[in-house]
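Colleague: I am new to this structure and would be grateful for a close look at a single part of it. Please choose one element and explain in a connected way what surrounds it.

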Amino acid sequence: MPQSIDRIRIAQLLRQGMRYADVAEEAGCSYRSVSSVAEEIGLARKQVSHKEALPWTLEERHKLSMPAQRLRDLSRLAQELPVDAHRKIGALRWAQTLIDEGLDISYEPDAPPSPHCPDGGFFTFPATTTAGRTHVGKWLGKATGKPVRRSARR
């Protein structure tokens with residue numbers, strides 16, 4: 001016979017900000033049960049996707065590289081998700097620096113390290129379009145909600 005689920009206890013734990021896995025352990029139920037209760041009471045976590053910001057198939061060694069992290073942070077900002085203040089500043093500055101230098105970014109697993117991509121894989125190239133239409137410019141614009149332009153401080 002299936003075990004009854006204490007929906008009230010699960011809701012209390014979720015409102016305290018506990019992770020689904022921790023709530024499941026504490027309440028003695030499955031992760032899926034916690035997810036279902038969260039959905040029922042309007043506390044379901046938004047599914048986050050960075051596929052548009054990182055449209056390439058990254059090799060494992062590049063998944064945590066600086067450019068990948070910066071693009072994920074810009075994607076999180078664009079989706080109005082929380083980003084640590086230091087990471088937010090870092091991502092915005094990184095993207096604006098590329099725009100100011102007239103560069104865009106792409107990915108090839110065998111690309112060598114470079115100043116903007118110290119782990120390799122990612123590489124910069126001269127942008128052939130206006131700043132707001134580059135890959136980096138698109139995500140900087142989405143993250144800030146503002147038109148993207150080169151800074152006047154060049």
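Modeller: In what follows, two residues are said to be in contact when heavy atoms lie within 4.5 Å of each other. The model is a predicted one. The element I have chosen is helix 3, which runs over residues 31–40.

I begin with its packing against other helices. Two packed helices are described by the angle between their axes and the distance between those axes. For helix 2, residues 20–27, and helix 3, the angle is about 110 degrees and the axes are 8 Å apart. An angle of 65 to 115 degrees counts as roughly perpendicular, and helix 2 and helix 3 are therefore roughly perpendicular to each other. On the side of helix 2, the contact is formed by Tyr20, Ala21, Val23 and Ala24; on the side of helix 3, it is formed by Tyr31, Val34, Ser35 and Ala38. Sorted by class, this contact of helix 2 with helix 3 holds seven nonpolar residues and one polar residue, with no charged residues.

A second partner is helix 1. Its axis and that of helix 3 come within 10 Å and cross at roughly 80 degrees, which makes helix 1 roughly perpendicular to helix 3. Here Arg7, Ile10, Ala11 and Leu14 of helix 1 meet Val34, Val37, Ala38 and Glu40 of helix 3. By class, the contact of helix 1 with helix 3 has six nonpolar and two charged residues, and no polar ones. Val34 and Ala38 of helix 3 thus take part in the contact with helix 2 and also in the contact with helix 1.

Next comes burial, for which the cut-off is a relative accessible area under 20%. Which residues of helix 3 are buried? They are Ser33, Val34, Ser35, Val37 and Ala38. Among the elements that cover these buried residues are helix 1 and helix 2. An α-helix has 3.6 residues a turn, so residues three or four places apart point the same way. With that in mind, one may look again at Val34 and Ala38, both buried.

Helix 3 also borders the largest pocket, which holds about 160 Å³ of space. The lining consists of Arg19, Tyr20, Ala21, Tyr31, Ser35, Glu39, Ala44, Arg45 and Gln47. Helix 2 and helix 3 each supply at least two of the lining residues, and helix 3 gives the most, with three residues. By class, the lining has four nonpolar, two polar and three charged residues. Several names return here: Tyr20, Ala21, Tyr31 and Ser35 line the pocket and also belong to the contact between helix 2 and helix 3.

Finally, the backbone just after helix 3 deserves attention. Glycine 42 takes a positive phi of about 80 degrees there. Most residues other than glycine have a negative phi. For contrast, glutamate 80 has a positive phi of about 55 degrees although it is not a glycine. Glutamate 80 is located elsewhere, in the loop between helix 4 (66–78) and helix 5 (85–100), and is exposed, with a relative accessible area of 75%.

To draw the picture together, helix 3 is roughly perpendicular to helix 2 and to helix 1, has buried residues covered in part by those two helices, and gives three residues to the lining of the largest pocket.

Definitions and conventions: Residues are numbered from 1 along each chain as its sequence is written. This is a predicted model: local features need pLDDT of at least 70, side-chain atom pairs count only at pLDDT 80 or more; totals for chains, interfaces and linings use all residues. Side-chain values use heavy atoms; hydrogens and water are left out. Axes are lines fitted to C-alpha atoms, for helices over the stretch in contact, and angles run from 0 to 180 degrees between N-to-C directions. Helices (H or I, at least four residues) and strands (E, at least two) are DSSP runs, numbered from the N terminus. Angles under 35 degrees count as roughly parallel, over 145 as roughly antiparallel, 65 to 115 as roughly perpendicular and the rest as oblique. Ala, Val, Leu, Ile, Met, Phe, Trp, Tyr, Cys and Pro count as nonpolar, Asp, Glu, Lys and Arg as charged, and the others, Gly among them, as polar. Buried means under 20% relative accessible area, exposed over 50%, partly exposed in between (1.4 Å probe, protein chains only). On a 1 Å grid over the protein atoms alone, a cavity is a set of points where a 1.4 Å probe fits but cannot get out, and a pocket is an open set with protein on both sides within 12 Å along at least five of seven lines; lining residues have an atom within 4 Å of a point. Grid points are joined across faces, edges and corners, and a volume is the space filled by probe spheres set on the points.
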